[in-house]
Amino acid sequence: MGKKSRGIIKDAAIVGTGISVIVIVLILAFGAPNPFYVVASGSMVPVLEKDDIIVVQRHAPFAEVEIGDIIVFDRPSDHNRVIVHRVASILDEDPKTVRTKGDANSASIPGTDFPITKDEYIGTVQYIIPQVGYLTNLLKPPINYIIIAVVIGIMAIKHFTKNKPDEEFSFLNKTKSDDDGSNSNESTIHDSLDLDKLKKDSEYTDSPDTPEDQEKSESKSEESLDSDKEKTDKNKDKPKDQQ
């Protein structure tokens, strides 16, 4: 496994650990890993606007629910929809049963607002974050997958380019070193050539270098020999007394 792959795994582990810590904190604080709900209708206007985010406290027991509390619960008729309405009245204490109503609604809706028991109860609204819920639309498929892919891509690019400056610096140093070595070799070659030139000059200074020079030298030698020969013959022909 390469160094870059280990770096990506390390970052993923850090992110995973961070998410785990957040989930644990949310469970301890609110009784659920995801206590956030987005208001989808205007039935609780003006207290709750559409696209507001509510933070639900699940640690609040149903037995302590009072009139005026804003609670979150499953619709009693089919349990297939989550409702957030205000408690309008207590219908029964044993078992406890309540009736709710939306602040913007004229009356309670049977099968939606009542009867609410402990089985339908999720929690009470503890915090309201105005107009942030529209951001959750970005987390719906396929946009959420695109965001995840972009994040992973950024992490990968970050690690694959992390050591690039060092590699470029190393390459530049290597190139500079090669240039220095090349210049040193060139200097050595020049010095060697100069030495050979000096040797050649000292060895052949007194000798003719071309065939023409050699022929001239040979001609001069022959002329000198002929001249010496003629002088010798003349001396032989002279009378002894002249000698």
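Buried here means under 20% relative accessible area, exposed means over 50%, and partly exposed covers what falls in between. Keep that in mind for the salt bridges further down. One caveat before going on: this is a predicted model.

**The overall layout**

The protein chain has four helices and six strands. Read from the N terminus, its elements go α-β-β-β-β-β-β-α-α-α. As for burial, 20% of the 243 residues count as buried.

**The sheet**

How are the six strands of the open sheet ordered? The order is β1-β2-β6-β3-β4-β5, and the pairing is antiparallel. At the edges sit β1 (36-38) and β5 (96-101), each of which pairs on one side only. On average, neighbouring strands in this sheet are turned by 50° against each other, with direction ignored.

As a reminder, strands of a sheet pair through backbone hydrogen bonds, in either a parallel or an antiparallel way. In this sheet, β6 lies between β2 and β3 in the order, and both pairings can be followed residue by residue. Strand β2 (residues 53-57) meets β6 in the antiparallel sense over five bridges. Strand β3 (residues 70-74) is also antiparallel to β6 (residues 121-129), here over three bridges.

Threonine 124 is a handy place to look in β6. From β2, glutamine 57 has threonine 124 as its bridge partner. From β3, isoleucine 71 stands opposite threonine 124. Also on the β3 side, phenylalanine 73 has tyrosine 121 of β6 as its bridge partner.

**Two salt bridges**

Side chains of opposite charge can pair when their charged atoms come close. How many salt bridges does the model have? The count comes to two, and they are set out here.

| Arginine | Aspartate | Closest N to O |
|---|---|---|
| arginine 75 | aspartate 78 | 3.1 Å |
| arginine 86 | aspartate 103 | 2.8 Å |

Is arginine 75 buried or exposed? With a relative accessibility of 17%, arginine 75 counts as buried, because the cut-off is under 20%. Its partner in the salt bridge is aspartate 78. Aspartate 78 has a relative accessible area of 36%, so it falls in the partly exposed range.

The other salt bridge joins arginine 86 and aspartate 103. This pair links distant parts of the chain, 17 residues apart: arginine 86 belongs to strand β4 (residues 82-93), while aspartate 103 is in the loop between β5 and β6. Here arginine 86 is partly exposed at 25% relative accessibility, and aspartate 103 is partly exposed at 29%.

**The largest pocket**

Rolling a probe the size of a water molecule over the atoms shows where empty space is left. The largest pocket comes out at a volume of about 320 Å³. It is lined by 18 residues, and those closest to its centre are Ser41, Arg81, Val82, Ile83 and Val84.

Which strand gives the most to this lining? That is β4, with four residues. Both β1 and β4 supply at least two lining residues each. So what is the lining made of, by class? Eleven of the residues are nonpolar, five are polar and two are charged.

If you want to trace β4 through the model, it contributes to the pocket lining and also carries arginine 86 of the salt bridge with aspartate 103.

Notes:
Residues numbered from 1 in each chain as written. Predicted model: local features only at pLDDT ≥ 70, side-chain atom pairs only at ≥ 80, totals over all residues. Heavy atoms only, no water. Pairing = 2+ DSSP bridges. Axes fitted to C-alpha atoms, helices over the stretch in contact; angles between N-to-C directions. Salt bridge = Lys/Arg side-chain N within 4 Å of Asp/Glu carboxyl O. Buried < 20%, exposed > 50% of the residue type's maximum accessible area, 1.4 Å probe, protein only. 1 Å grid on protein atoms, 1.4 Å probe; cavity = no way out; pocket = protein on both sides within 12 Å on 5 of 7 lines; lining within 4 Å. Points joined across faces, edges and corners; volume = space filled by probe spheres on them. Nonpolar A, V, L, I, M, F, W, Y, C, P; charged D, E, K, R; others polar.
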